[in-house]
Every structure is written in structure tokens, then in C-alpha cells.
Amino acid sequence: MKEAIKVNQLSKAYNELPVVKNVSISVKKGTVFGLLGANGAGKTTTIECILGTKKFDSGTVSILGVDPQKNRKELFEKVGVQFQEANYQDRITVGELCQVTQSLYKKTAIYHNLLKEFGIFDKLKSPVSTLSGGERQRLFIILALIPEPEIVFLDELTTGLDARARRDVWKILSSLKTKGLTILLTSHFMDEVEALCDSICILKKGEIVFYGTVSEAIAQSPCEKFEDAYLWYTDEEDKEYENISNNA
Ligand SMILES: Nc1ncnc2c1ncn2[C@@H]1O[C@H](COP(=O)(O)OP(=O)(O)OP(=O)(O)O)[C@@H](O)[C@H]1O
């Protein structure tokens with residue numbers, strides 16, 4: 001199986017403070033890769049460096065065999081990105097925003113179908129600014145999928161979605177994966193990671209503390225459940241105990 005994303009020894013500092021340290025990852029085509037870690041662990045910075053939207057200090061990155069900083073145009077049609085905050089006109093409607101996005105690409109998905117699949121077709125004529133947080137989140141996933149990308153980057157995939165919507169998103173992504181889509185996602189929900197990810201990497205203060213599959217993460221920890229193992233790797237559990245005892 002070929003590699004869709006290859007990152008080698010990536011490092012990045014802000015004002016000389018390192019936030020991504022020698023991160024190496026490899027994502028095979030048609031698989032789902034989860035980049036995990038606590039708030040501030042360096043996930044978004046890593047994604048921005050991979051996409052070439054942020055300069056990094058050292059290391060190499062290739063997406064579909066090319067350097068994203070040098071071949072931005074070539075990758076534009078093949079890579080979808082879910083933005084947390086998108087810039088759009090105040091009064092623009094859902095349908096108009098989808099249309100504008102569609103006009104940027106040569107080959108596109110039928111956005112009416114995506115809006116239906118994601119359960120927000122009834123919002124077609126609503127201004128984006130009136131959508132609820134979860135509806136907007138779904139719209140941003142749709143915008144990332146409009147170019148029918150080969151790879152999609154989804155940062156905080158289902159943050160703000162209710163339980164039903166989360167399950168629906170998982171189902172849609174799983175079916176896109178079977179059609180060959182490669183997905184790199186970040187998530188704070190370990191049930192989601194278990195349901196979707198073929199492999200994962202856990203970052204702690206910018207460093208990889210675990211790399212492998214969910215089952216390997218459990219096996220290499222003293223825990224039985226993945227969420228406990230994740231907390232064990234990131235030491236969040238210790239902090240939680242500290243807080244509980246401090247509050248006692
Ligand atoms: N532009 C910036 N200038 C300075 N420091 C920054 C900048 N952007 C991010 N940081 C810092 O870099 C670290 C990593 O941030 P990043 O956003 O990559 O983390 P994250 O893992 O995506 O977190 P979260 O789960 O909260 O989204 C944090 O300590 C953050 O405060």
C-alpha cells in the first residue's frame with residue numbers, strides 16, 4: 001500500500017519555544033490516521049506544518065509524493081481541509097458558500113447530496129451565521145469534501161456534534177474510506193478514535209509518546225480500555241487524581 005502522507009523528523013518552535021519535536025508519521029492511502037494529544041500538545045501546529053500553511057524549522061513532509069510547500073497548486077485539487085474557523089461573508093447562505101467552494105475546483109462532489117447525507121439540507125438557504133455550532137461543524141466537513149479529495153484533514157472532527165450526528169459522520173467517513181479516501185484527523189473523543197482510526201500517534205508536549213494501532217496502545221499500557229490507556233500515555237489521569245485530591 002502506498003503512502004499518502006510522509007512526515008520525517010518535523011520540528012517547529014514558536015519564539016524559540018519548541019512545540020513540535022522530531023515528529024515522524026506515515027499514513028497509508030485509504031486509511032484513517034488519528035493525531036491525538038491533550039490541549040496544546042501540538043496537533044494543529046503539526047497539521048499546519050504538514051499542509052505547508054505554517055513554516056517549520058526542520059524535517060521533511062510529503063503529501064502524495066510531493067512537497068506541499070513547493071507544489072501547493074498541484075495538491076490543491078487533491079487535499080481537503082476542514083477549518084475550525086472559516087472566513088465567509090456575513091450574510092452568505094449555506095448553499096452560496098458551497099457554490100463558492102465548488103467554483104474553486106475542477107472536479108467536485110454534488111454538494112446537495114453531501115448536505116443531505118450530513119443532515120443539513122434544510123439549511124440550504126439559511127445564512128451560515130445562523131447555524132448552530134454542530135451544524136456549522138458539519139458544514140465545514142462538507143466544504144472539505146466538496147473537491148472530492150484524495151486526502152482530507154479534519155481537525156477536531158466532531159467537536160460540538162450531538163451523539164446522533166457524530167455517529168452519522170463516522171458512517172459517512174467509513175464509507176468514503178472504503179472508496180479510497182485517506183483521512184488524517186484529530187479528536188478528543190476516544191470512542192471516535194477507536195471506531196475510525198487504523199493507526200494513531202499520541203503527542204505529549206510536541207513529542208510522540210505512542211505510535212501504532214489502538215490495540216497496540218492498550219497492549220503496551222497497564223490499562224484495559226483505550227481511553228484509560230490514552231490518559232496513561234498523556235499523564236492526564238495523574239493530573240485528574242491530583243485535582244481530585246486537591247479538592248478533597
Ligand atoms: N501562533 C502561535 N504563537 C505562539 N504559540 C503558539 C501559536 N500557535 C500555537 N501556539 C502554542 O503552541 C502549542 C501547541 O498548540 P496547538 O494549537 O498546535 O495544540 P493542539 O494540540 O492543536 O491543541 P488543542 O487540542 O487545544 O487544539 C500551544 O502551547 C500553543 O499555545
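1. Strand S1 (residues 3–14) is joined to S4 by 5 bridges, and the two run antiparallel. Ile5 has Ile63 as its bridge partner in S4. Helices (H or I, at least four residues) and strands (E, at least two) are DSSP runs, numbered from the N terminus; two strands pair if DSSP finds at least two bridges between them.

2. On the basis of the description: this is a predicted model, in which local features need pLDDT of at least 70 and side-chain atom pairs count only at pLDDT 80 or more, while totals for chains, interfaces and linings use all residues. Residues are numbered from 1 along each chain as its sequence is written.

3. An open sheet of 3 strands, with antiparallel pairing, follows the order S2-S1-S4. Strand S2 (17–28) and strand S4 (58–63) are its edge strands, each pairing on one side only. From one strand to the next the twist averages 15 degrees. Helix H1 (residues 43–51) lies across S1, S2 and S4 and runs at about 120 degrees to S1. Axes are lines fitted to C-alpha atoms, for helices over the stretch in contact, and angles run from 0 to 180 degrees between N-to-C directions.

4. Ile5 also belongs to the interior: with Ile142, Ile5 has the most contacts inside the largest nonpolar core, which has 63 residues. Helix H5 (residues 133–145) gives the most to this core, with 6 residues. Such a core is a set of buried Ala, Val, Leu, Ile, Met, Phe, Trp, Tyr and Cys residues joined through C-beta atoms within 7 Å. Leaving aside neighbours within four places in sequence, Ile5 is in contact (C-beta atoms, placed from the backbone, within 7 Å) with Ile25, Val27, Ile50, Ile63, Ile151 and Leu184.

5. Leu184 lies in strand S7 (residues 182–186). As 5 of the 5 residues of S7 are buried (20 or more other C-beta atoms within 10 Å of a residue's own), this strand is largely enclosed by the rest of the structure. Thr182, Leu184 and Thr186 are buried on one side, Ile183 and Leu185 on the other. Strand S3 (residues 32–37) runs parallel to S7, joined by 4 bridges, and strand S6 (residues 151–154) likewise runs parallel to S7 with 4 bridges. Leu184 stands opposite Phe33 and opposite Phe153.

6. The ligand is surrounded by Tyr14, Val19, Gly37, Asn39, Gly40, Ala41, Gly42, Lys43, Thr44 and Thr45 (C-beta atom, placed from the backbone, within 6 Å). H1 gives the most to this shell, with 3 residues.

Notes
Two residues are in contact if their C-beta atoms, placed from the backbone, lie within 7 Å. A residue is buried if 20 or more other C-beta atoms lie within 10 Å of its own, exposed if 12 or fewer, and partly exposed in between; C-beta atoms are placed from the backbone.
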